[in-house]
Structures are given as C-alpha cells and as structure tokens.
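Thanks for making time this morning. I have a few minutes on empty space and packing in one structure, so please look at the screen while I talk.

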Amino acid sequence: MSIDYQKVPSPCFVLEEALLRKNLELIDSVQQEAGCKIILALKGFSMYSAFPIVKEYLSGATASSLNEVKLINDFMGVQAHTYMPAYLDSEFSEILERSSHITFNSLSQWERFRERVEEFKSVNPGHLLSCGIRVNPQYSEVATEMYNPCVPGSRLGVTRDKLPDTLPEGIDGIHFHTLCENGSDTLERTLAALEEKFGGLLHQAKWLNMGGGHLMTREGYDISKLIKLVSNIREKYNLDVILEPGSAIAWRTGVLVTTVLDVMDSQGIDVAILDTSFAAHMPDTLEMPYKPVITGAYQEPVTGKPTYRMGGMTCLAGDFMGDYSFDVPLKIGDKVIFEDMIHYTMVKTTTFNGVNLPSIGICDMNGDFKLIRSFGYESFKDRLS
C-alpha cells in the first residue's frame, strides 16, 4: 500500500494493518491445519494498540515479565503463558493470578515455588493453571552466540542429565526455545535432538511448547513441513502443541520513517545524519548484527552513484550503518525509510543520550495513517530519577 511519508512525523514506526493481517491469516491457517495453538510472543511485538487485530486470529500470548503479563491481561483480555528465567518472590502471587500457564526454568525454581502453586490451585479451583519445565536439548543452529540458548553455560533450560525419568509431580508440560528466525528444516533437526533426549518425558507430558523462532511468514518457508512436523509430534505423544513466534507475526509489516538532518564529508566518506539512532532505536542491527534495507537504496555501494554512510543522532561513535548508494544525492529533509522495523524494534528502544523515542502509528486497511503515540521529555525523565 502506498503511504505518503511526508505526512508521517519523523522518526516514526508505521505498522501496516493489511500486512499484519496477511501474516496472521497464514499463521492461523497453520494452527488450524496442524491442530496446534499459536500465540503471540510479546518480547518480539508488544504494540498493544494492534492487539485487537491479533486477537481476531490468535487466542493468547506469552510473557517473560510481570509487565508483559499485565499487558496481555489488559489489552488481549486473556490469561498469559508465562516464562521467566527466575521468578521474584514479590511478583509470583500476581503472576499466578494472571497466568494460565507458567513455565519454570529449573528444577530449583519449581521446588522453590511448588507449594505456592499448589496452595493457589486449592484456593482457586476454577482457575485453570498448568505448569511446565523448560528443557535444553543442547542443539541449536543459531550462529550468533548472544541469541543461542544452547551454548555451554547457558542459563536457559534444564539439560536431560538434570531431570529424573519421570516428570516431577505437578509439571504438565515441556517447553523448549532454541530457534531464532529459522525454517522448518531446522525445526525438524531440533525435534530429532529433543526426542532423542526427552522422548520418554514427552510421553508423560500434556503439552509441548516449541517456543519461538519459527519464521513461517518469511518467503520460502516450508509451511507444509511445519504442519507435518507439528501434527506428527502431537499425535505421537498425544499432547497439545504450542508455538509462540514473535518475529513471524510482525515480519515485514512496517517501517521506520526517518529524516536526513545533515550531510557531511568525513575524511572522504559522505555521511547522512538522521533523526534516529541505530543504538537507541534499532539495537538489533548492531547486536546481531545485520544491515537493514532502505527503500529505494542499494544495499551495497555502487560505483558512480551517490553513496552515504547512515549516521545516528547520538554521541556514540559506533552509532552508524553503512554504506548505501542512491540514484540521486541525499539532501537535508529527505525521508529515509528503513524496512521491516516492527518486530524486535519498538520493544528494544531506549532514550540513550536523551534522544526521543520514535512515534508509533498505524496505516489502516483504507491506507489512512493514524498517529497512535508520540514521545518527548517526560518519557526520558520518567526512566530516571
């Protein structure tokens, strides 16, 4: 859909409703055909103004903090699937009240809170609550160690040697999360490793949560294989299967609109300074790292064409991304549109250096832009003291 970016404040995240619905329709078809449940992972997409749209297709969401739990309760109107590496005593009672599923990261965490779970269930027989344990199959194809939960010394999940031959009493489910924007072929190999180590426990479980990282909305993803894998596991072990993607739901559903503030020559390199920040607004581009696509630009320098290094507006020396070529020279006031900036962007923004957070808006099904929220001094001040 063509958007008039001149009418959009800058910088601004712009979600396209039509693209979000397209992803959700595909994801819904997977859960219908595979007989599984697919829920939203808030760590990848927490734009709660879009939750009413998500809820038309998905029945739930997963949280990794009490704040995310509250967001799910308040704006999706459902109990949360909750997993945290470690629970706080002061928050656990509220997490019990607000969750339908709680996954524990270790046996010690389960033993620490088991009595409180049992007491809550006895006092609240009408509240359906199911508990699970996160396992580490010690197999992952995620290349970047920062995103790989199976590296030696990982704090995420229990390895097979730490579990008995029977699931602890009170544990109904098994949870793993070892994928990161992977395909169904990677899931196939991961499931083989999971079954090799945890097959006996899967027979005892009521549900299996396969976590996130299933990038089923990416072009070329083998949807039919995913459906087959999920169906086979569900039938083989007679359990419910849950998937909780973050990226797949908001994949390529919107952009970050920015504006050129200055163009300068830096020792023979032309630099375009933008009203955004890679460090504060797009940290994944530096952490992963990856080079985001700019609409109308060449991803790599082209000889003879105007070429620029994109610079952020913070004082961090490394707040830049380069180099891109354009058909015409950039000038102050030009819009620079970064594509696919909805998942794992808004959720990671900071006010480092006092730089304002980007605004947030939605382009509806009619192509009309609606500004949802803008940020200013109060957003920066309220994070400090």
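I'll start with one residue, Tyr139, which is in the loop between strand E7, residues 130-134, and strand E8, residues 173-175. Bear in mind throughout that this is a predicted model. Tyr139 has a relative accessibility of 26%, so it counts as partly exposed; the cut-off for buried is under 20%. Which residues does Tyr139 touch, leaving out those up to four places away in sequence? They are Cys150, Thr178, Arg189, Thr190 and Ala193. Take Arg189 from that list: in sequence Tyr139 and Arg189 are 50 residues apart, yet C-alpha to C-alpha the distance in space is 8.6 Å.

Now the pockets. The largest pocket holds about 1300 Å³ of space. Its lining is made up of 46 residues, and Lys43, Tyr147, Cys180, Tyr344 and Lys348 are the closest to the centre. Two of the elements that each supply at least two lining residues are strand E4, at 61-63, and helix H10, at 284-287. What is the make-up of that lining by class? In the largest pocket we have 19 nonpolar, 13 polar and 14 charged residues.

The second largest pocket comes in at about 670 Å³. There, 21 residues form the lining, with Tyr48, Met346, Ile360, Arg373 and Phe375 nearest the centre. Helix H3, residues 66-76, and strand E17, residues 369-373, are the elements that give two or more residues to this second lining. By class, the lining of the second largest pocket splits into 13 nonpolar, five polar and three charged residues.

Next, enclosed space. How many cavities of 30 Å³ or more does a search of the whole structure find? The search finds one. The volume of this largest cavity is about 60 Å³. Among the residues lining the cavity are four histidine and threonine examples worth finding on screen: His81, Thr82, His101 and Thr103. Trp207, Asn209 and Glu244 are also included in the lining. Strands E5 (80-84), E6 (99-104) and E9 (207-209) each give two or more residues to the cavity lining. By class, the cavity lining has four nonpolar, seven polar and one charged residues.

On to the packing. In soluble globular proteins, nonpolar side chains tend to be buried together. Here the largest nonpolar core has 97 residues, and Phe45, Phe104, Met210 and Met310 have the most contacts inside it. Met210 is a useful one to click on: beyond its sequence neighbours up to four places away, Met210 touches Phe176, Leu187, Leu191, Val230, Ile233, Val241, Ile242 and Leu243. There is also a second, separate core of nine residues, including Tyr5, Val8, Val14 and Cys363.

Last, the aromatic rings. The count of aromatic pairs is nine. One of them is Phe92 with Phe104: the ring centres are 6.1 Å apart and the planes meet at 45°, so this pair is tilted. Phe92 belongs to helix H4, residues 89-98, and Phe104 to strand E6, so the pair ties together parts that are twelve residues apart in sequence. Are these two residues buried or exposed? Both Phe92 and Phe104 are buried. Ring pairs also link Phe92 and Phe104 into a cluster with Tyr87, Trp110 and Phe113.

That's what I have; I'll take questions.

How values were computed. Residues are numbered from 1 along each chain as its sequence is written. This is a predicted model: local features need pLDDT of at least 70, side-chain atom pairs count only at pLDDT 80 or more; totals for chains, interfaces and linings use all residues. Side-chain values use heavy atoms; hydrogens and water are left out. On a 1 Å grid over the protein atoms alone, a cavity is a set of points where a 1.4 Å probe fits but cannot get out, and a pocket is an open set with protein on both sides within 12 Å along at least five of seven lines; lining residues have an atom within 4 Å of a point. Grid points are joined across faces, edges and corners, and a volume is the space filled by probe spheres set on the points. Helices (H or I, at least four residues) and strands (E, at least two) are DSSP runs, numbered from the N terminus. Ala, Val, Leu, Ile, Met, Phe, Trp, Tyr, Cys and Pro count as nonpolar, Asp, Glu, Lys and Arg as charged, and the others, Gly among them, as polar. A nonpolar core is a set of buried Ala, Val, Leu, Ile, Met, Phe, Trp, Tyr and Cys residues joined through side-chain atoms within 4.5 Å. Buried means under 20% relative accessible area, exposed over 50%, partly exposed in between (1.4 Å probe, protein chains only). Contact means heavy atoms within 4.5 Å. Rings of Phe, Tyr and Trp (its six-membered ring) pair if their centres lie within 6.5 Å; planes under 30 degrees apart count as stacked, over 60 as edge-to-face and the rest as tilted.
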